[in-house]
Amino acid sequence: MNAWLAIAAALAAATTLIHLILGGRHVAAPLLATERLHAVPKFTMYYCWHLVTIVLAALALAFGLVAVGLGSRDLALFATVGAALFCLWSLAMVGLFRLRIAHFPQWALFAAITVSGAIGLWQ
């Protein structure tokens, strides 16, 4: 078993849970409760919310499969690059939109996944 890829899988799974529980409470629920958005953008955003949930769970699955020897290292590489891109986009949004980094902490979760995935790929 590749311990670093297992850590990446656990971090991705934890990120998925954080997204579902805290994000659902503080982002998705208020989005659905708003009456000022028209139905199409509102439910498109809600649809995208669930796409993110699926992608996060897929990252955890990808890292987990490779960690136990049931997947190609290319799968772990794809997941690691994806996590890195998510991290970079989070940081770019903080800078572009002058967000408080403490209010937009997704980058840190993706950075940890990226680092553990990268170390796991080198083993």
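**Helix α4, the core and R98**

Student: How do you know that α4 has close to the expected span?

Tutor: α4 has 16 residues and reaches 23 Å from its first C-alpha to its last, close to the 22 Å expected at 1.5 Å a residue. The expected span is 1.5 Å times one less than the number of residues, and a helix here is a DSSP run of H or I with at least four residues, numbered from the N terminus. Please keep in mind that this is a predicted model, where local features need pLDDT of at least 70, side-chain atom pairs count only at pLDDT 80 or more, and totals for chains, interfaces and linings use all residues. Residues are numbered from 1 along each chain as its sequence is written, and side-chain values use heavy atoms, leaving out hydrogens and water.

Student: Why is R98 called exposed?

Tutor: Exposed means over 50% relative accessible area, buried under 20%, and partly exposed in between (1.4 Å probe, protein chains only). R98 has 76%, so R98 is exposed. R98 sits in the loop between α3 (73-96) and α4 (106-121), and its phi is near 50°, a positive value in a residue other than glycine.

Student: Which residues of α4 are buried, and what covers them?

Tutor: F110, I113, T114, S116, G117, G120 and L121 are buried. Their cover includes α1, α2 and α3, where contact means heavy atoms within 4.5 Å.

Student: What makes a nonpolar core?

Tutor: Buried Ala, Val, Leu, Ile, Met, Phe, Trp, Tyr and Cys residues joined through side-chain atoms within 4.5 Å. The largest one has 18 residues, of which L5, L59, F63, A76, F110 and I113 touch the most other members. α2 gives the most to this core, with seven residues.

Terms used. Helices (H or I, at least four residues) and strands (E, at least two) are DSSP runs, numbered from the N terminus.
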